[in-house]
Amino acid sequence: MKEKLKELRENAIKQIKESENLDKLNEARVTFLGKKGELTAMLKSMKDLSEEERPIFGQLVNETREAIEKLIDETKKNLENKELMYKLEKEEIDVTLPGKKIKVGAKHPCSLALEEVERIFGGMGYEIVEGPEIEKDYYNFEALNIPANHPAKDEQDTFYINSDIVLRTQTSPVQIRTMETRPLPLRMISPGRVFRSDEIDATHSPSFHQIEGLIVDKNVTLADLKGTLELFAKELFGADTKVKFRPHHFPFTEPSAEMDVSCFKCHGKGCRFCKGSGWIEILGCGMVHPNVLRMCNIDPDEYSAFAFGVGLERIALLKYEIDDLRLLYENDDRFLKQFK
Ligand code: DAH
């Protein structure tokens with residue numbers, strides 16, 4: 001049996017040394033040390049030995065096992081090292097290769113237009129405030145003097161979350177939130193996303209952006225409104241831009257108006273851009289309704305205010321002569337990169 005054990009040990013050493021990878025090494029381990037392996041079989045056959053021979057042989061078997069285990073461990077380390085070296089060599093990175101070009105994006109036309117608007121009003125001392133897109137019915141309608149039966153509250157226009165909460169249909173609720181919380185006098189613009197249940201086409205989208213503007217102070221007049229918005233138009237569309245105010249109706253302003261700018265394409269002669277009229281409508285505005293001021297605990301006899309709301313996409317479309325609103329939302333690289 002000693003002979004057999006010696007033979008086993010030699011075979012094991014040979015097979016382990018010849019293992020060229022970790023799988024082969026594992027095979028060798030199973031063959032010799034595994035539950036059904038040769039060494040285990042030998043241990044089992046010890047029962048045929050005499051009492052005296054048994055411990056001596058047992059010791060020999062243990063020695064053999066230890067030797068084989070040691071060799072397996074060493075070989076394993078070597079093989080792992082070898083594999084690592086091989087990988088490192090194979091996966092070598094050639095740092096002299098030219099890098100992949102990272103595409104540099106361009107600012108979205110809406111962002112450009114917004115920056116422009118913020119620059120203009122920032123220069124006139126207006127601060128930028130934000131309000132929530134998910135808004136209370138109270139702020140979106142009620143506090144803006146829009147009574148419960150107003151057509152704008154029709155479910156066709158408004159996305160309701162529940163009877164009290166809506167996706168804001170306009171940025172005007174930020175007026176209310178600002179007047180409720182900020183000390184007077186105040187000047188603010190509030191850009192942000194608004195939502196209306198509209199089908200998508202060249203001029204409509206269920207989600208778009210507005211910029212709200214508000215000034216509250218003593219002795220703010222319609223002349224201030226006109227002067228401010230005229231300056232805004234000239235800064236935005238060019239110094240030779242003319243403006244025209246048409247009477248309009250908004251529940252939260254009195255009087256209310258829409259402002260048109262002279263067509264910057266044909267300078268008022270009439271073209272495809274202004275649909276032949278020479279004028280382009282760009283915003284809604286007015287003197288804040290006394291009811292609205294009162295709802296914000298502001299005394300309309302002491303303070304007055306004007307407000308305006310302008311569509312950001314509309315400005316971007318006009319400024320960059322884009323004829324389809326959908327282009328602004330598709331993020332087609334070929335379109336966007338023109339605005340670099
Ligand atoms: N909120 C109006 C809209 O969505 C726009 C507007 C008009 C805002 C007049 C104003 C304003 O602040 O005074 O159509």
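Two strands are taken to pair if DSSP finds at least two bridges between them. With that definition in hand, the sheet of this predicted model can be described: 7 strands form an open sheet, in which the order is E1-E4-E5-E9-E8-E7-E6 and the pairing is mixed. At its edges stand strand E1 (127-128) and strand E6 (243-250), each of which pairs on one side only. Within the sheet, strand E4, which spans residues 186-195, runs antiparallel to E5 and is joined to E5 by 10 bridges; Ile189, for its part, stands opposite Gly213 in E5.

## The ligand and its surroundings

Which strands each supply at least two residues of the shell around the ligand? They are strand E5 (207-217), strand E8 (279-288) and strand E9 (304-311), and these three names also appear in the order of the open sheet, where E5, E9 and E8 follow one another. The ligand is surrounded by 15 residues, of which the closest are Gln170, Gln175, Arg196, Gln210 and Glu212. Sorted by character, the residues of this shell comprise 5 nonpolar, 8 polar and 2 charged.

The table lists protein atoms together with their distances from an oxygen atom of the ligand.

| Residue | Protein atom | Distance to a ligand oxygen atom |
|---|---|---|
| Gln175 | polar side-chain atom | 2.9 Å |
| Gln210 | polar side-chain atom | 2.9 Å |
| Phe308 | backbone N or O atom | 3.4 Å |

The protein covers 89% of the 350 Å² of accessible area that the ligand has on its own. Gln175 and Gln210, whose polar side-chain atoms appear in the table, are also among the closest residues of the shell, whereas Phe308 is listed there for a backbone N or O atom.

## Domains and a residue of helix H1

The domain assignment of the protein gives domain 1, covering 2-90, and domain 2, covering 109-339. Taken over C-alpha atoms, the centres of domain 1 and domain 2 are separated by 83 Å.

Asn11 lies in helix H1, which consists of residues 2-18. Is Asn11 buried, partly exposed or exposed? Because its relative accessible area is 37%, and buried means under 20% while exposed means over 50%, Asn11 counts as partly exposed. Asn11 and Ala28 are 17 residues apart along the chain, and their C-alpha atoms are separated by 9.8 Å.

Terms used:
Residues are numbered from 1 along each chain as its sequence is written. This is a predicted model: local features need pLDDT of at least 70, side-chain atom pairs count only at pLDDT 80 or more; totals for chains, interfaces and linings use all residues. Side-chain values use heavy atoms; hydrogens and water are left out. A residue is near a molecule or strand if one of its heavy atoms lies within 4 Å of it. A polar contact is a pair of N or O atoms within 3.5 Å; within protein, one must be able to donate a hydrogen and the other to accept it, and residues adjacent in sequence count only if both atoms are side-chain atoms. Accessible areas come from the Shrake-Rupley method with a 1.4 Å probe; for residues, only the protein chains shown count as cover. Helices (H or I, at least four residues) and strands (E, at least two) are DSSP runs, numbered from the N terminus. Ala, Val, Leu, Ile, Met, Phe, Trp, Tyr, Cys and Pro count as nonpolar, Asp, Glu, Lys and Arg as charged, and the others, Gly among them, as polar. Domain bounds come from an automatic or database domain assignment. Buried means under 20% relative accessible area, exposed over 50%, partly exposed in between (1.4 Å probe, protein chains only).
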